[in-house]
Amino acid sequence: MSGLIQLLHDYSYITLFLALMLELICIPIPNEALLSYVGILAFHGKINLVLSLLTAGTGGILGATISYWIGYKLGAPFFRKFGRYIHMGPEKMERISRWYGKYGKVLLVFSFFIPGIRHLASIISGVIRLPFRSFCIFSYIGVFLWTSTFILLGYVLGPEWDKYQGEIKKWLVLASIFLVLAGLCYLVIKTNRRYIRESLLLLFQSIFKRYKSFLKIKFFIFLILASFISLVTLMFGMIQDFVSNEFDPFDKISRSIVFFLFNSRWQSTMNHVYGLSSWTVLCVVLVFTAITILINNKNKWLELLFLALTLTGGFLFTNGVRWLLHFMLTGSYVSANFPDEQSMMVLICYGYFVMMLVRHQTNYLISMIEFLVFVSLLLGYSISGISLFNIHPSDLFAGYVFGAVWVSGLLLSLELFRFLSIIKENYSS
């Protein structure tokens, strides 16, 4: 980067033009930092702002156009044969091409803001034979938006850029994640538009117009919905407290109580309780959950599907939340283990198991006992974690809350799908 900066000082516009052109012909160059530095130089009057914007945009346009014709001339056969060497094998290329052919025009505008994607966007446009006129309109707009954004950020912030560039990058990443999630939601809704509309209409009629039917199921759904909303509210409150470093009193008081009540004589018991959180035990719990679902034989395939979603999605949610929180708070003095990963997985695995037991239990006393055993297990795991490994109580509690948000959200979805299937069966009969 230092060599690039020196070249920028010596041959300002030529360096800027070539850097943008080469990056969009698949040569990795850290152009966000370069463009921002160009804005700083323009702020100090060392180069002209308008000429910089035009030079960067023109260089990017030329690079994108060359990439388009490379993809156009080489075509799909080349990538089917050699694509695996650049992680663009036949299956991946076909999948991307199909999706890109449908949404490529909109994607082109924003693809230049995403490292790794902008290098491939123009090539894929050529491979799938996107009309050149359409490519020019959308990609050229995208190039100018991308280059102008970072140059103007550097120009507006001027000497303050070094102070704010870390925060700006964090919010750009957060915005990108939000846009991706919003895009996925849009695709799911658009693909299943008719099914979603019909399902919502049936649910609305059954819940709000037929008051006396399915009272037990409705009550159960509303109970889970209320729990989910409360847990989400609590989760955001905990994130706010975490950012403000307000957990110290809670951690000190909790530790004092644990160490006062449980001395070294409890160590053997603590080890056994903590062992219930090992992956071996959790896998056994998941097997018992699957057996419970099969024995009850009520919507078993739906419940097994949601078991898989709860586990795989819970793992992604756990790691995703932890990564995002610590990425956004880089440089701040915060706990490295917030929320505690293992306590999240403990609640997710045991929580789904207990809910499957309670859901199909007709004896309310047994259901209450099962729930109390579950709460006791969570409390025992927390005490053993604090006592044996000095884990922050706030990290453990946050793990439970985050895990409960995920489980309650999945259970709410499961009950809605189950209720919908019952309604459809009644309509068909």
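Begin by selecting helix α2, where S12, T15, L16, A19, L20, M21 and E23 are buried (under 20% relative accessible area, with exposed meaning over 50% and partly exposed in between, for a 1.4 Å probe and protein chains only). The model is predicted, so local features need pLDDT of at least 70 and side-chain atom pairs count only at pLDDT 80 or more, while totals for chains, interfaces and linings use all residues. Residues are numbered from 1 along each chain as its sequence is written, and side-chain values use heavy atoms, leaving out hydrogens and water.

Helix α2 covers residues 12-23; helices here are DSSP runs (H or I, at least four residues), numbered from the N terminus.

Next, select V273, a residue of helix α12 (residues 267-275). V273 is partly exposed, its relative accessible area being 24%. Apart from neighbours within four places in sequence, V273 is in contact with G380, Y381 and S384 (heavy atoms within 4.5 Å). Between the C-alpha atoms of V273 and G385, 112 residues apart along the chain, the separation is 9.3 Å.

Now display α12 together with helix α16 (residues 364-389). Their axes come within 9 Å and cross at roughly 120° (lines fitted to C-alpha atoms over the stretch in contact, with angles from 0 to 180 degrees between N-to-C directions). Finally, select the residues that make this contact: Q267, M270, N271, V273 and Y274 of α12, and G380, Y381, I383, S384, G385, S387, L388 and F389 of α16.

Notes:
Helix = DSSP H or I, 4+ residues; strand = E, 2+ residues; numbered from the N terminus. Expected span 1.5 Å × (residues − 1).
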